[in-house]
Amino acid sequence: MADVGVQPKHFLSNKVEHFTESVIREMTRQATLHGAVNLAQGFPDFPAPAEIKRAAQDAIAADVNQYAITWGEKNLRNAIARQMQAWQGIPVDPETQITVCCGSTEAMISTLLAVCNLGDEVVIFEPFYENYGPDAILSGAKPVFVKLRPPSAPDGEWTFDERELRAALHRHTKAIILNTPNNPTGKVFTRAELEMIRDLCVEFNVIAITDEIYEHILYDGTQHVSIASLDGMEDRTVTINGLSKTYSVTGWRVGWTVASPLVTSAIRKVHDFLTVGAPAPLQEAGAAALGLPASYYQNLANGYRARRDRLMPALAEAGFRCFRPRGAYYIMTDISSFEFAGDIAFSRHLVKDIRVAAVPGSSFYNNPRDGARQVRFAFCKRDETLDEAALRLMKLRPGS
Ligand SMILES: Cc1ncc(COP(=O)(O)O)c(C=O)c1O
């Protein structure tokens, strides 16, 4: 056979040329390397609720150690359906509308693989959670970006322009990805905004894929509205959620989709061949978690509000302009007051010299220039961790 020589690129998919590994997760590695306080990746450094850890231990002791039903253990699906009804007034059939996945990460890619054809377009609000662009590309779709604009006043809201969203939609558009409460901006989409998006979804015959994993982390009296609860969206929404953020168990890898039976049957097929199923004992513990009383969710939100209000003044004092989050557990900041050539150089300085890890803003935008003056901090940490970070960040002040 003729020797064609080594052509390294020949062995790779063209798709992987269009994205990099996650910058957020790389910043965690950098934090470990430099002994930095990790305010980069969104995982708590405090314990998960004792009840749910016990439920996981009990499940393993009771030999819940084999594959669960691929689309999810029955107790967990029943609990998810109960919660959707109780919190959002959405009736869900646990037998035909829920697919439990390995985290909402897998829920999102299984959904996109299930609904997208080659050449479809997927609309994504930016700044966005890093995974959405690569997920769309891996599904054969083209991501199309619509801007969320930062508030001009410190207490204002991130907004988007209806005309820009409309202009992004046309006959190749398959889906709009929503994330509310939003990472990285902390924006909580209002009912009026969601109704406008609903009207456009109906007009352009588009599905909404909504990542609601920060559903219970809300501040300042804001309310979470699931777009699936709006008239006309029952059969054109995939709602994604999971245990990671609500129950402080990001390493358990349990998430899920809720969708119409038709879309669910497509998601289940993809999910089955991607991962077979999520960890069985942790699904069992998930059912216990979803049964926690209402006071748990109140305390969760109150705890995060206190952490937000602890870190924000410290960031402001160090020289950051903060955009006040209304939900989720991140603070997006403007770094214009620092004399650095962009967010990457600044974040490098932060992690290496100041020894606080944050995420450069460019990793949340399609065009890195759009995030060159922004850096994101996560505050899902113990008070001591936030205080240590604040102390270190004071070194950024002029004359320190
Ligand atoms: C918006 C958003 N979606 C999904 C995830 C990942 O969730 P999971 O741990 O359920 O895969 C994150 C994690 O930071 C996130 O911020």
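**Exercise 1.** In this predicted model, determine which element gives the most to the lining of the largest pocket.

*Solution.* Begin with the elements that each supply at least two lining residues: α1 (23-34), α4, α5 (132-138) and β4 (142-147). Of the contributors, α5 ranks highest, with five residues.

**Exercise 2.** Describe the space in the largest pocket and the residues that line it.

*Solution.* The volume comes to about 580 Å³. Next, consider the lining, which comprises 25 residues. Those nearest the centre of the pocket are H18, F19, T20, E130 and P134. Finally, sort the lining by class: 12 residues are nonpolar, nine are polar and four are charged.

**Exercise 3.** Characterise the shell of residues around the ligand and identify the helix that gives the most to it.

*Solution.* The shell holds 14 residues, and S104, T105, D211, Y214 and S244 come nearest to the ligand. By class, the shell contains five nonpolar, six polar and three charged residues. Helix α4, spanning residues 103-115, makes the greatest contribution, with three residues.

**Exercise 4.** Which ligand atoms lie 2.5 Å from S104, 2.6 Å from D211 and 2.7 Å from R253, and how much of the ligand's area does the protein bury?

*Solution.* Take each side chain in turn.

- S104 places a polar side-chain atom 2.5 Å from an oxygen atom of the ligand.
- For D211, the partner of the polar side-chain atom is a ligand nitrogen atom, at 2.6 Å.
- In R253, a side-chain N or O atom is 2.7 Å from an oxygen atom of the ligand.

Turning to area, the ligand taken alone exposes 400 Å², and the protein buries 93% of that.

Key. Residues are numbered from 1 along each chain as its sequence is written. This is a predicted model: local features need pLDDT of at least 70, side-chain atom pairs count only at pLDDT 80 or more; totals for chains, interfaces and linings use all residues. Side-chain values use heavy atoms; hydrogens and water are left out. A residue is near a molecule or strand if one of its heavy atoms lies within 4 Å of it. A polar contact is a pair of N or O atoms within 3.5 Å; within protein, one must be able to donate a hydrogen and the other to accept it, and residues adjacent in sequence count only if both atoms are side-chain atoms. Accessible areas come from the Shrake-Rupley method with a 1.4 Å probe; for residues, only the protein chains shown count as cover. Helices (H or I, at least four residues) and strands (E, at least two) are DSSP runs, numbered from the N terminus. Ala, Val, Leu, Ile, Met, Phe, Trp, Tyr, Cys and Pro count as nonpolar, Asp, Glu, Lys and Arg as charged, and the others, Gly among them, as polar. On a 1 Å grid over the protein atoms alone, a cavity is a set of points where a 1.4 Å probe fits but cannot get out, and a pocket is an open set with protein on both sides within 12 Å along at least five of seven lines; lining residues have an atom within 4 Å of a point. Grid points are joined across faces, edges and corners, and a volume is the space filled by probe spheres set on the points.
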